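Me: Please take me closely through one part of this model, the salt bridges and what lies around them. I would like one connected explanation, with each term made clear as you reach it.

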Amino acid sequence: MYHRVEGQGLEKQNLGLTSNDFTYNLDQNYPNPFNPSTTISYSIEEDGLVELEIINILGERIKTLVNEYQSRGNHKAIFDASKLSSGIYLYRIK
């Protein structure tokens, strides 16, 4: 589910966007920042092949966390970066 919130303090308002408005949902990892591992949550609308990759800021693939056929719904993947150097890492889903 995705909710866009605008405003400050008590003025914040939900614009009413729901999971029906989006095909895929890729959540913020938790905890962030992390040391040495973090959990990445995501959901998919229909059954299919899912690839979840970790990339560095140069766009180079560092690790593939998920590369399999999955059923629709909510999923989680654990990213263990204990053997990687400190830095900024991004993740993407296909």
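Reply: Glutamate 53 and arginine 61 are joined by a salt bridge, in which the closest N and O atoms are 2.5 Å apart (the term is used for a side-chain nitrogen of Lys or Arg within 4 Å of a carboxyl oxygen of Asp or Glu). The model you are looking at is a predicted one, in which local features need pLDDT of at least 70 and side-chain atom pairs count only at pLDDT 80 or more, while totals for chains, interfaces and linings use all residues. Residues are numbered from 1 along each chain as its sequence is written, and side-chain values use heavy atoms, with hydrogens and water left out.

The two partners of this bridge differ in how much of them is open: glutamate 53 is buried, at 0% relative accessibility, whereas arginine 61 is exposed, at 51% (buried means under 20% relative accessible area, exposed over 50%, and partly exposed in between, for a 1.4 Å probe and protein chains only).

Glutamate 53 has further partners. Its side chain also meets that of arginine 92 in a salt bridge, with 2.7 Å from N to O. Because arginine 92 belongs to strand β8 and glutamate 53 to strand β5, this pair ties together parts of the chain that are 39 residues apart in sequence (strands are DSSP runs of E with at least two residues, helices are runs of H or I with at least four, and both are numbered from the N terminus). Arginine 92 itself counts as partly exposed, with a relative accessibility of 34%.

Lysine 94 is another partner of glutamate 53, and in their salt bridge the closest N and O atoms are 4.0 Å apart. Since lysine 94 lies in the segment after β8 while glutamate 53 is in strand β5, the pair ties together parts that are 41 residues apart in sequence. Lysine 94 counts as exposed, at 52% relative accessibility. Through shared partners, the salt bridges join Glu53, Arg61, Arg92 and Lys94 into one network, and the number of salt bridges in the structure is 3.

Next, consider leucine 52. Leaving aside residues up to four places away in sequence, leucine 52 touches Leu26, Ile40, Tyr42, Lys63, Thr64, Leu65, Val66, Ala77, Tyr91, Arg92 and Ile93 (a contact means heavy atoms within 4.5 Å). Arg92, the salt-bridge partner of glutamate 53, is thus also one of the residues that leucine 52 touches.

Leucine 52 belongs as well to the largest nonpolar core, whose 10 residues are Ile40, Tyr42, Ile44, Val50, Leu52, Ile54, Val66, Ala77, Phe79 and Ala81. At least two residues of this core come from each of β4 (37-44), β5 (48-56) and β7 (73-80). A nonpolar core here is a set of buried Ala, Val, Leu, Ile, Met, Phe, Trp, Tyr and Cys residues joined through side-chain atoms within 4.5 Å.

One member of that core, Phe79, leads on to the aromatic rings. There are 2 aromatic pairs in the structure. In one of them, the ring centres of phenylalanine 34 and phenylalanine 79 are 5.8 Å apart and the planes stand at 65°, so the pair is edge-to-face (rings of Phe, Tyr and Trp, with its six-membered ring, pair if their centres lie within 6.5 Å, and planes under 30 degrees apart count as stacked, over 60 as edge-to-face and the rest as tilted). Phenylalanine 34 is in the loop between β3 (24-26) and β4, and phenylalanine 79 is in strand β7, so this pair ties together parts that are 45 residues apart in sequence. Phenylalanine 34 is partly exposed, with a relative accessible area of 24%, but phenylalanine 79 is buried, at 3%.

Phenylalanine 79 also pairs edge-to-face with tyrosine 89, at 6.3 Å from centre to centre and with 70° between the planes. Because phenylalanine 79 lies in strand β7 and tyrosine 89 in strand β8 (residues 89-93), the parts they tie together are 10 residues apart in sequence. Tyrosine 89 counts as partly exposed, at 22% relative accessibility, and Phe34, Phe79 and Tyr89 form one aromatic cluster.

Finally, these details can be set against the chain as a whole. The protein chain has 0 helices and 8 strands, and 23% of its 94 residues are buried. Among the contacts between residues at least 6 apart in sequence, 49% join residues at least 24 apart.
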